[in-house]
Amino acid sequence: MANENRLEFNEAAWDALLTHVVDVWAEPKAEMIAAQANQEILSATSDGRDDPLPAGKRDYMVSTEGSRPLQNGDYRATVVTVTNRAKAHNARTNALVKNFHLGGGA
Amino acid sequence: MAIVPVPTTGYFEYCPLVVKNHLDTKLPSDVVVATKVPDPRPPRLVTIESVPTSGDMNLALSQRRCIIQCWDRSEILTGRLAEKVRGYLIDGIYQPGNGIRDVIVIGEPGMFPDPDDPTNAPRAQLTVDILMRATYVA
């Protein structure tokens with residue numbers, strides 16, 4: 001006798017669930033890391049700190065804000081170096097690794 | 001001889017010191033292992049920097065995060081040095097008594113040049129989480 005009990009995986013609901021987690025959990029944590037790294041650039045003495053930022057940009061930004069935003073369906077939020085001075089700042093200070101703990105995870 | 005008091009519950013040795021002591025026994029004698037870049041920088045150098053992290057801990061085990069940077073005479077030699085450091089750290093898991101209980105490489109070795117270095121010398125970097133075993137004094 002065939003078993004009529006079946007489970008169907010709801011892909012759309014699963015995607016909505018994980019997207020919500022990225023929005024309310026991961027992005028705020030990534031923003032804490034980005035905010036601290038941006039603060040460190042402002043207090044740095046390196047060349048370029050007074051260079052104007054591109055419109056709507058910050059030196060370090062959460063990836064979903066960037067020019068090529070990740071899709072929330074990728075289920076992750078990242079902090080990226082947007083400007084050249086951010087790239088140099090991170091290479092000089094390892095700001096991203098050093099501030100990673102501010103996200104609250106390991 | 002002075003007796004230095006230590007916590008009765010044990011303590012964790014400074015992670016860069018543990019890593020330095022371990023690497024000093026493995027790397028060639030002309031590779032300097034330090035916590036900062038000496039002036040002048042030696043041609044073959046490994047630096048270990050402790051950076052903040054969080055994570056579960058208990059009296060016996062706790063996690064530390066280290067950024068390790070390597071320099072050698074060429075890009076290829078620098079890359080090989082970084083890979084050897086990575087390998088020796090993994091080896092360290094299996095050597096009782098060195099304070100290293102586990103190693104997770106969270107940032108694999110890669111070239112990460114210093115923008116402030118006028119010589120543009122190749123610099124490789126890896127980032128590791130080290131599960132430390134506490135030191136106890138009987």
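**Exercise 1.** State which strands helix H1 of chain B lies across, and how the helix is directed relative to E2(B).

*Solution.* Helix H1 (residues 15-24) of chain B lies across E1, strand E2 (45-51), E3, E4 and E5 of chain B. Helices (H or I, at least four residues) and strands (E, at least two) are DSSP runs, numbered from the N terminus. Next, the direction: H1 runs at about 155° to E2(B), where axes are lines fitted to C-alpha atoms, for helices over the stretch in contact (heavy atoms within 4.5 Å), and angles run from 0 to 180 degrees between N-to-C directions.

This is a predicted model, in which local features need pLDDT of at least 70, side-chain atom pairs count only at pLDDT 80 or more, and totals for chains, interfaces and linings use all residues. Residues are numbered from 1 along each chain as its sequence is written, chains are lettered from A and ligands numbered from 1 in the order in which they are written, and side-chain values use heavy atoms, without hydrogens and water.

**Exercise 2.** Give the strand order of the open sheet in chain B and name its edge strands.

*Solution.* The order of the 5 strands is E1-E2-E3-E5-E4, with mixed pairing; two strands pair if DSSP finds at least two bridges between them. Strand E1 (32-34) and strand E4 (100-111) are the edges, each pairing on one side only.

**Exercise 3.** Explain why Cys66(B) forms no disulfide.

*Solution.* A disulfide is a pair of cysteine sulfur atoms within 2.5 Å. The closest cysteine sulfur to that of Cys66(B) belongs to Cys15(B), and because it is 3.5 Å away, it is too far for a bond. Over all chains, the count is 0 disulfides.
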